Amino acid sequence: MADFTLPELGENISAGDVLNVLVKVGDTLAKDQPVLELETDKATIEVPSTIAGTVTAIKVKAGDKVKVGQAILSLADNGAAASAPPAPPAPSAMPPPAPAAAAPPAPAPPVQAAPTLVRSRDAERGEGATNVVDIARGPRHVVPPASDAPSAPAAPSVRRMARELGVDINQVPGTGDAGRISVEDVKAHAKRLITAAASSPSGGSAPRPMGEPLPDFSRWGAIERQPMRGIRKKTAEHLGASWATIPLVTQYDLADITGFEEIRKRHTKQAGAGAAPLTVTTLAVKIIAAALRQFPQFNVSLDMAAEEIVVKKYVHIGVAVDTDRGLLVPVVRDADTKSLMQISEEVAALAEKARSRKLSLDEMQGGTFSLSNLGGIGGTSFTPLVNAPEVAILGISRARMEPVFKDGQFVPRFMLPLSLSYDHRAIDGADGARFLRWVADVFEQPFLLSLQG
């Protein structure tokens, strides 16, 4: 008899939600046969068995959350599981647990340090008593410091930033002269708190977004609470942390794609049914890949702990795909070495796999720059959020016909709105403007891609 336990699923993935159990008691299970359909915070995957045998017990069901190493099912040895580890001894034969293991005092401090302290509106109006909400423990009252206690050395703008992030300014270590606190100190402290909460013994769940505590919504009508799981939970945690730590700048521009639209329509007619479509997204991937070679400072990550800039010599473009489970970002690898039609076929294939829940974890890792195209839905512009640890992302909105003053008269032109968001720690505003203008120029004259070395 042997237990099959959930194997390692990938980098930084420790658990998932069971969507479907693919076997039943009595089934003869072969090695590498799928046994579970599992949704992690990055993808939906089928988990294959690493051993063979007859299923004698199933220990999980749809809706359960399972962790790496947890027993999934039990198998009777049919001679094919000789390499499987022996089953643990019966509970009666096991030695009693060591007393020291039953009383670990460590869990309490991390909960107290969780980044869920939120100042009330009263606190924003002065430096007196502060009503603080600790999400894990409920409302409590913090006694104000004694009148002779020194206040934190920080400018009013820094204090305002701390209030907006829900950070107690008196707990922030200052790095300036005489311990003076800067905006960067506040952001760094908020990031440490978020990281501490994510790794706390309470289950690793992220804190609720910083802000005032939620009211009791049921006072005004019926409500339903749904668990935040899988991809949606990871998206909330990841973007919340990015927003709190990345000084974001967004710049906007318009590209005249009248010529490209004519080429696209001709290609669609000539290629016929079944051919990969030539789309704005496809062209954008190709243009961005070329732009990253021209502007390598956009193809980096920041290692603030080591005070280093990680310059990537490869170009992998993430393309956001809207699915019924949330936003997924498959990656087109080495996009700078592929033709426009190769990229077109790959983007179409990745998007289909994302929507049919067939993306692998590897296909969503390693991106160096992301692209989000909402033009198919609508809108005139938006602010895309940087997909950390990348430092920039391009947003595309719906193209529309507009009157443009050209050669002394107004003429109709098909204009594409572009939005570039970037981490201001890595990229200066002038470089952001140059990058976006370069992208817009190539959208207007795609043949310029052939001139790039």
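Reader: What share of the contacts in the chain with a separation of 6 or more comes from residues 24 or more positions apart?

Author: This is a predicted model, and the chain it describes has 453 residues, of which 37% are buried. Its secondary structure comes to 9 helices and 22 strands. Among the contacts with a separation of 6 or more, the part that joins residues 24 or more positions apart is 61%.

Reader: Which residues does Leu283 touch, if those up to four places away in sequence are not counted?

Author: Leu283 belongs to helix 7, which covers residues 280-294, and it counts as buried because its relative accessibility is 1%. Its C-alpha atom is separated by 9.6 Å from that of Val442, although the two residues are 159 apart along the chain. Leaving out residues up to four places away in sequence, the residues that Leu283 touches are Phe260, Leu340, Phe443, Pro446 and Leu449.

Reader: How much of the accessible surface of the chain belongs to carbon and sulfur atoms?

Author: The accessible surface of the whole chain comes to about 24,600 Å². Carbon and sulfur atoms hold a share of that surface equal to 56%.

Reader: Which residues form a nonpolar patch on the surface, and what is their accessible area together?

Author: One member of the patch, Phe217, lies in the loop between helix 4 (183-198) and helix 5 (230-245). Phe217 counts as partly exposed because its relative accessibility is 39%, a value between the 20% limit for buried and the 50% limit for exposed. The patch is formed by Leu214, Phe217, Trp220 and Ile223, and their accessible area together is about 450 Å².

Reader: In what order do the 4 strands of the open sheet stand, and which strands are at its edges?

Author: The pairing in this open sheet is antiparallel, and the order of its strands is 5-4-2-7. Each edge strand has a single partner strand, so one side of each is left without a neighbour in the sheet. Neighbouring strands are turned by 45° against each other on average, direction ignored. The strands at the edges are strand 5 (44-48) and strand 7 (65-67).

Reader: Over how many bridges does strand 4 pair with strand 5, and what is the bridge partner of Pro34?

Author: Strand 4, made of residues 34-39, pairs with strand 5 in the antiparallel sense, and the pairing runs over 5 bridges. Within strand 5, the bridge partner of Pro34 is Pro48.

Reader: Over how many bridges do strand 2 and strand 4 pair, and which residue of strand 4 is the bridge partner of Val18?

Author: Strand 2 and strand 4 also pair in the antiparallel sense, over 4 bridges. The residue in strand 4 that serves as the bridge partner of Val18 is Leu38.

Reader: How far apart are the closest N and O atoms in the salt bridge that Asp17 forms with Lys65?

Author: Strand 2 (residues 15-21) and strand 7 pair in the antiparallel sense over 3 bridges, and Lys65 in strand 7 is the bridge partner of Asp17. Asp17 is buried, with a relative accessible area of 4%, whereas Lys65 counts as partly exposed at 46%. In the salt bridge that these two residues form, the closest N and O atoms are 3.2 Å apart. Because Asp17 lies in strand 2 and Lys65 in strand 7, the pair ties together parts whose separation in sequence is 48 residues.

Reader: With which residue does Asp362 form a salt bridge?

Author: The closest N and O atoms of this salt bridge are 3.9 Å apart, and the partner of Asp362 is Arg333. Asp362 lies in the loop between helix 8 (340-355) and strand 19 (369-373), and its partner in the loop between strand 18 (331-332) and helix 8, so the pair ties together parts that are 29 residues apart in sequence. The partner, partly exposed with a relative accessible area of 25%, is Arg333.

Reader: What is the N to O distance in the salt bridge between Asp431 and Arg434?

Author: Both residues lie in helix 9 (residues 429-444), and because they are 3 residues apart there, about one helical turn separates them. Asp431 counts as buried at 19% relative accessibility, just as Arg434, at 48%, is partly exposed. Their side chains meet in a salt bridge with an N to O distance of 2.8 Å.

Reader: Which residues are linked in a network of salt bridges?

Author: A search of the whole structure finds 16 salt bridges. The residues linked in a network of such bridges are Asp253, Arg437, Asp441 and Glu444.

Key
Residues are numbered from 1 along each chain as its sequence is written. This is a predicted model: local features need pLDDT of at least 70, side-chain atom pairs count only at pLDDT 80 or more; totals for chains, interfaces and linings use all residues. Side-chain values use heavy atoms; hydrogens and water are left out. Two strands pair if DSSP finds at least two bridges between them. Helices (H or I, at least four residues) and strands (E, at least two) are DSSP runs, numbered from the N terminus. Axes are lines fitted to C-alpha atoms, for helices over the stretch in contact, and angles run from 0 to 180 degrees between N-to-C directions. Patches are made of residues with over 30% relative accessible area and no salt bridge: like charges are joined within 9 Å, nonpolar side chains (Val, Leu, Ile, Met, Phe, Trp, Tyr) within 5 Å. Accessible areas come from the Shrake-Rupley method with a 1.4 Å probe; for residues, only the protein chains shown count as cover. A salt bridge is a side-chain nitrogen of Lys or Arg within 4 Å of a carboxyl oxygen of Asp or Glu. Buried means under 20% relative accessible area, exposed over 50%, partly exposed in between (1.4 Å probe, protein chains only). Contact means heavy atoms within 4.5 Å.
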